[in-house]
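Here is a friendly walk through one protein model and its ligand, written with a computational chemist in mind. Please keep the viewer open while reading.

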Amino acid sequence: MTTIIDGKETSRRVLQNLRVEIEQLKQAGHTPGLAVVLVGEDPASRVYVNSKVKACEELGIYSQKWTLPTETTQDELVQLIHQLNVDTRIHGILVQSPPPEHIDEQAVILNIDPRKDVDGFHPINVAKLVLEDPSGFVPCTPLGCMELLNAYGIPTQGKHAVVIGRSMIVGKPMANLLVARKANATVTIAHSRTADLPGLCRTADILVAAVGRPCLVTADFIKPRAVVLDVGINRVEDATRPRGYRIVGDVDFASVQPLCSAITPVPGGVGPMTIAMLMSNTVKACKLAYGE
Ligand code: NDP
């Protein structure tokens, strides 16, 4: 039997626990605060930003939503970041990715106070992840993947984990979390130049797909009884749907699911965990700010 890893239910539980922590912080006079900054008109980014703000409202986290026009300059954006860095109501700052092309995203990230970098993209936080320093912030999506493994009691120690994708947002931090002493997996990172990807993946006890290619991972990638985490969010045309498209992962769920011991569906797997972990990072930032 295959376990379908339910990200919606797991994220609900994470948020429920956070509610208690937020209440305790408020009783001590501290309300966690998150600033979300969107530059430009990208419709998908707009949806993400709105759902992050909504999650804050539902939890009682103070939030600021900054919607800046596409023509905002790099200097103007950096000025706003500096303003948020010193705003004591704000403990977390997030600049929604991707910004318009004229903005140098990495340069913007460098201006975020690492103690408020709840996305975990600042080099200080990247270093802390590699150093296994728990005071750092870990990118929300891989953190959510680890939370799912924990929630379902899936062992990682001594397992071979293959992570497909080497982005700074998902693939690399995911690999770092799996290889850390807390998880003790043996990790291989694959990418677009990896030779014999299906053959490599067939050696994986835990397979994480963070590629952005619809249904790339098929049955011939799977070691029997492997655990499969599908990070991909891809739109594919579907004339039968009112919107004209549907969302699929990087894994061909229908052919892979019967082979593995556990798998995340798309939607409803890794996706809901990302926002939950953003909320968790914001609460952590608030606690660190007040030495709690
Ligand atoms: P990137 O485009 O930054 O990275 C994709 C990685 O996949 C790259 O390392 C690339 O290799 C590799 N790759 C591309 N094609 C192949 C291939 N044919 N075979 C093997 N490797 C390949 O994407 P992200 O990491 O930002 O996102 C990955 C997916 O996760 C996307 O679908 C995205 O929408 C989704 N996502 C989901 C989130 C969630 O909340 N669930 C959050 C963030 C992302 P190379 O480096 O060689 O180019």
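A good place to begin is an open sheet of 3 strands, ordered β3-β2-β4 and paired in parallel. β3 (62-68) and β4 are the edge strands; each has a single partner strand, so one side of each is left without a neighbour in the sheet. From one strand to the next, the twist averages 15°. Strand β2 (residues 33-39) pairs with β3 in the parallel sense, over 7 bridges. To find this pairing on screen, take Ala 35, whose bridge partner in β3 is Gln 64. Please bear in mind throughout that this is a predicted model.

**The six-stranded sheet**

There is also an open sheet of 6 strands, and its pairing is parallel. Reading across, the order is β1-β11-β8-β7-β5-β6. Which strands stand at the edges? They are β1 (3-4) and β6 (186-190), and each of them pairs on one side only. As general background, strands of a sheet pair through backbone hydrogen bonds, either parallel or antiparallel.

At the β1 end, β1 pairs with strand β11 (residues 262-263) in the parallel sense, over 2 bridges. Ile 4 has Ile 263 of β11 as its bridge partner. Elsewhere on this sheet, helix α7 (residues 171-179) lies across β5 (160-164), β6 and β7 (206-209). The angle between α7 and β5 is about 170°.

**Around the ligand**

How many residues surround the ligand? The shell holds 21 residues, and the closest are Arg 166, Ser 167, Ser 192, Ile 233 and Thr 274. Sorted by class, the shell has 9 nonpolar, 10 polar and 2 charged residues. Helix α10 (residues 270-289) supplies the largest share of the shell, with 3 residues.

The table below lists polar contacts of the ligand.

| Residue | Protein side | Ligand atom | Distance |
|---|---|---|---|
| Thr 274 | polar side-chain atom | oxygen | 2.7 Å |
| Ile 233 | polar backbone atom | oxygen | 3.1 Å |
| Arg 213 | N or O atom in the side chain | nitrogen | 3.4 Å |

Taken alone, the ligand exposes 930 Å², and the protein buries 70% of that. Two of the residues in the table, Ile 233 and Thr 274, are also listed among the closest to the ligand.

**Backbone details worth a look**

In general, most residues other than glycine have a negative phi, and most peptide bonds are trans. Three places in this model are worth checking against that background.

The peptide bond from Ser 97 to Pro 98 is cis, with omega near -5°. Pro 98 sits in the loop between β4 (92-95) and α4 (105-111), and β4 is an edge strand of the three-stranded sheet described at the start.

The bond from Val 266 to Pro 267 is cis as well, with omega near 0°. Where is Pro 267 found? Its place is the loop between β11 and α10. That loop therefore links two elements met above: β11, the partner of β1, and α10, the helix with the largest share of the ligand shell.

Finally, Glu 132 is a residue other than glycine with a positive phi, near 60°. Glu 132 belongs to the loop between α5 (123-131) and α6 (140-151).

Terms used: Residues numbered from 1 in each chain as written. Predicted model: local features only at pLDDT ≥ 70, side-chain atom pairs only at ≥ 80, totals over all residues. Heavy atoms only, no water. Near = heavy atom within 4 Å. Polar contact = N/O pair within 3.5 Å; in protein donor to acceptor, adjacent residues only side chain to side chain. Areas by Shrake-Rupley, 256 points an atom, 1.4 Å probe, with all protein chains shown as cover. Helix = DSSP H or I, 4+ residues; strand = E, 2+ residues; numbered from the N terminus. Nonpolar A, V, L, I, M, F, W, Y, C, P; charged D, E, K, R; others polar. Pairing = 2+ DSSP bridges. Contact = heavy atoms within 4.5 Å. Axes fitted to C-alpha atoms, helices over the stretch in contact; angles between N-to-C directions.
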